[in-house]
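Open the model in your viewer and keep the selection tool ready. The stops below run in order, each with something to select.

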Amino acid sequence: LTNTDVYSLAISGTNIFAGTGGGVFLSSNNGSSWTAINNGITFPYITSLAISGSNILAGTAGDGVFLSSNNGSSWTAINNGLTSLDVRAFFISGTDIFAGTYGGGVWKRPLSEITGINKTNNNESNIAVYPNPATNNITIESPQQAVIEISNIQGQLIKTLAANSNKTSVNVSSFARGMYLIKVKTEKGVAVEKFVKE
């Protein structure tokens with residue numbers, strides 16, 4: 001543990017996460033050794049941590065909230081609606097997460113907006129989105145003759161296109177950083193997937 005200013009701790013299974021003045025550290029051996037896991041965190045002063053299922057949220061003292069869905073291997077900023085980027089505390093209650101900020105009050109978001117939503121699971125409607133996270137382009141695998149809608153996390157429709165083949169390439173380089181929802185509509189129903197724009 002190269003930074004001993006520890007401001008928060010969170011546990012998921014056998015993993016212990018420590019939020020420090022030098023970023024997030026992970027221990028898988030009950031604290032005997034620690035590894036820094038800060039890929040994507042732009043301000044490594046971690047004041048708060050929270051865990052929801054397989055998702056880890058890290059609050060920073062100057063660059064808002066970061067989300068990791070892969071045990072801290074990579075992080076993505078999720079600051080939509082956050083009025084102060086100095087996050088001091090997290091609390092999960094039911095289906096919502098609350099963040100206490102310095103000078104910006106309380107930020108509340110449904111966990112489903114942050115960690116994604118369940119998608120339809122039938123063979124006719126299954127979709128895949130890759131790479132995820134993405135920087136310039138994504139590929140959407142879906143049934144032919146589908147309508148694809150991409151919305152931001154607030155539900156605003158960003159793009160609509162028709163899928164004329166099983167793979168549709170979409171340029172997302174102009175999208176703002178954050179999480180997006182992809183709806184694929186066919187006569188069999190609607191499938192939903194999320195992707196993160198870095």
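**Stop 1: the loop after S12**

Select Pro131, in the loop between strand S12 (128-130) and S13. This is a predicted model. The peptide bond from Tyr130 into Pro131 is cis, with omega near -10°. Now pick Pro133, also placed in the loop between S12 and S13. The bond from Asn132 to Pro133 is cis too, and its omega is near 10°.

**Stop 2: the largest pocket**

Stay with Asn132 and Pro133, and add Leu67, Ser68, Ser69, Asn70, Ser74, Thr76, Met179, Lys194 and Val196: together they line the largest pocket. The space in this pocket is about 220 Å³. Strand S7 (65-68) and S18 each give at least two residues to the lining. By type, the lining has 4 nonpolar, 6 polar and 1 charged.

**Stop 3: the largest nonpolar core**

Which residues have the most contacts inside the largest nonpolar core? Select Ile138, Ile140, Ile148, Ile150, Ile182 and Phe195; the core has 18 residues. Two or more residues come from each of strand S13 (137-141), strand S14 (146-152), strand S15 (157-163), strand S17 (178-186) and strand S18 (189-197). Another core, of 17 residues, lies apart from this one and includes Val65, Ile78, Ile97 and Ile153.

Center on Phe195. Beyond its neighbours within four places in sequence, Phe195 contacts Val129, Asn132, Ile138, Ile150, Val172, Phe175, Gly178, Met179, Tyr180 and Ile182. Asn132 and Met179, among these contacts, are also in the pocket lining.

**Stop 4: an open sheet**

Color S5, S6, S7 and S8. They form an open sheet of 4 strands in the order S5-S6-S7-S8, with antiparallel pairing. The edges are strand S5 (46-52) and strand S8 (76-77), each paired on one side only. S7 and S8 are joined antiparallel over 2 bridges. Select Phe66 and find its bridge partner in S8, Ala77.

**Stop 5: two asparagines with positive phi**

Go to Asn71, in the loop between S7 and S8. Its phi is near 60°, positive in a residue other than glycine. Is Asn71 buried, partly exposed or exposed? It is partly exposed, because its relative accessible area is 36%.

Then select Asn30, in the loop between strand S3 (23-27) and strand S4 (35-36). Phi of Asn30 is likewise near 60°. Asn30 has 71% relative accessibility, so it counts as exposed.

**Stop 6: Gln145**

Finish at Gln145, in the loop between S13 and S14. Its relative accessible area is 61%, so Gln145 is exposed. Draw a distance to Val6: the C-alpha atoms are 53 Å apart, with the two positions 139 residues apart along the chain.

Technical notes
Residues numbered from 1 in each chain as written. Predicted model: local features only at pLDDT ≥ 70, side-chain atom pairs only at ≥ 80, totals over all residues. Heavy atoms only, no water. Core = buried A, V, L, I, M, F, W, Y, C linked by side-chain atoms within 4.5 Å. Buried < 20%, exposed > 50% of the residue type's maximum accessible area, 1.4 Å probe, protein only. Contact = heavy atoms within 4.5 Å. 1 Å grid on protein atoms, 1.4 Å probe; cavity = no way out; pocket = protein on both sides within 12 Å on 5 of 7 lines; lining within 4 Å. Points joined across faces, edges and corners; volume = space filled by probe spheres on them. Nonpolar A, V, L, I, M, F, W, Y, C, P; charged D, E, K, R; others polar. Pairing = 2+ DSSP bridges.
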